[in-house]
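Colleague: Please take one helix of this model and go through it closely, with its surroundings. I am new to this, so explain the terms as you go.

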Amino acid sequence: MSAPTTAPIPTPTAPGGLPLIGHGLRLARDPLPFISSLREYGSVVRIRIGPTPAYVVTDPALTRRVLVTDAAHFTKGGKYNDALRVFLGDGIATVADGDTHLRNRRLMQPMFNKAHIAERGNAMIEQVQTMVGAWTAAEPRDVFADMNEITLATFLVAVFGADLPAHLQGEFIALMPDIMKGTIRQVILPPWITRLPLPANRAHADRVARLRALIDQAIDHHIDVTAPGSASADGASGAEACPYAAEARRRQSGLFETLIGAEDQLGRRQLQDETITLLAGAIETTGTTLAWALYEIAGNPAVERRLREELASVCGDRPLRYDDIDRLPYARRVLREAIRKYGVIWMVTRTATRDIELGGHLIPEGADVMWSPYLHQHDSAYFPDPDSFDPDRWEADGAAGTRGSFLAFGDGRRKCIGENFAWVELQIILATVLQGWPRFKVTSRPPRAQAVITVEPDALAMEFHSDSAD
């Protein structure tokens, strides 16, 4: 596409910018209301993050141009992406477009095909059943923390196998929330502040370094226990044969086995980057979606009844099996609606590689271009009554008109590589909670949505009961 030859439409600037920090304070204090308010000013709106301008795309059709049609002119980048790179490194979610991204994505793609995920499906179900079954009945629980812990543990089983030491899992769970909060701080504050030797900046750097060390230990452990001839893999030391060695290695191996064989092409640092990228995506988006889904189910008896009826019709009295998942379409609609209503990602950035027209507006070369799945998925032109929770909007007859504004997994060549895995994990965990606990209820005040990396509940306590009595 050539640069515009006609006079561009003046790009409106959002009100409320302050000297030096621009709209950074609004983004820090009330990001969701602020982002949502921009639609009224136009399809492309200029804001400032510190002294730096950024262009927020509020029209989902224009966002698809950024992601698909004109993707070559809007490359991965921007302040948000740069902040994520502090701890994700050059994983496929943050590395610049080009040969490196294409090579690494091709190397990782086999990890996430349906057949490969299916081989780990029952091990994932066993992990979730163990954790959900260990909850104490009628005890108030922090559901957001629970869902993050379960999704992390399930991710680790799927990716590294069933033999990861418990202390590594525990440290992952302890580190990730603070790392995510530190990262969003890096996004919304001016760069000169995040570079100062402040205690918060130093703590963030230390946590990121510790996470990398943990990832390195997990990779080394995975290589050790799955190596032929190892005591862990074969059930015997040295060269002593074991007839069940191959089966033991299969159970202990995980999706990451695909990348271990490509370490000579990627290098150890890149293996770390890709693992951290998968880790962050698995915990934040999946755990957040499940917490909101359980909150909405608890407040919608008709939705809960339909979910339980569907699950009973498929499984009867037996536990969930992997091949049941595709027979639970209503559960998938409930989860999709939770993703739609709560974002779950609220801000993504790209960088313009040249002066380019977008919706009649001139985007200058090097400018940050931002879009928000949360904003698009609350557009009443695509989703009538967007603040209501309505899984039926995803029935076949009504879903076609909404897909253009549902961008939770992105689109184009940078679309989320783990979407298949995410749907499997979401459905396994939701179905297992429903099977394990006939009744649950919210015991805290209604949670407020807060934008960190994902749109998460600020507080959500629930009780789970082993009987179905009212």
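Modeller: What follows looks at one helix and then at two of the helices beside it.

This is a predicted model, in which local features need pLDDT of at least 70, side-chain atom pairs count only at pLDDT 80 or more, and totals for chains, interfaces and linings use all residues. Residues are numbered from 1 along each chain as its sequence is written, and side-chain values use heavy atoms, with hydrogens and water left out.

The helix is α17, residues 329-342. Helices here are DSSP runs of H or I with at least four residues, strands are runs of E with at least two, and both are numbered from the N terminus. From first C-alpha to last, the 14 residues of α17 reach 20 Å, close to the 20 Å expected; the expected span is 1.5 Å times one less than the number of residues.

Of these 14 residues, 12 are buried, meaning under 20% relative accessible area with a 1.4 Å probe and protein chains only. Among them are Tyr 330, Val 334, Leu 335 and Ile 339, but also Arg 333, Glu 337 and Lys 341. The buried residues of α17 pack against α15, α16, α18, α20 and β11. After α17 comes Gly 343, with a positive phi near 115°.

Two of those neighbours, α15 and α20, also pack on each other, at an angle of about 40° and with axes 10 Å apart. Axes are lines fitted to C-alpha atoms over the stretch in contact, and angles run from 0 to 180 degrees between N-to-C directions. The contact (heavy atoms within 4.5 Å) includes Leu 290 and Leu 294 of α15 and Leu 426 and Ile 429 of α20.

Notes:
Buried < 20%, exposed > 50% of the residue type's maximum accessible area, 1.4 Å probe, protein only.
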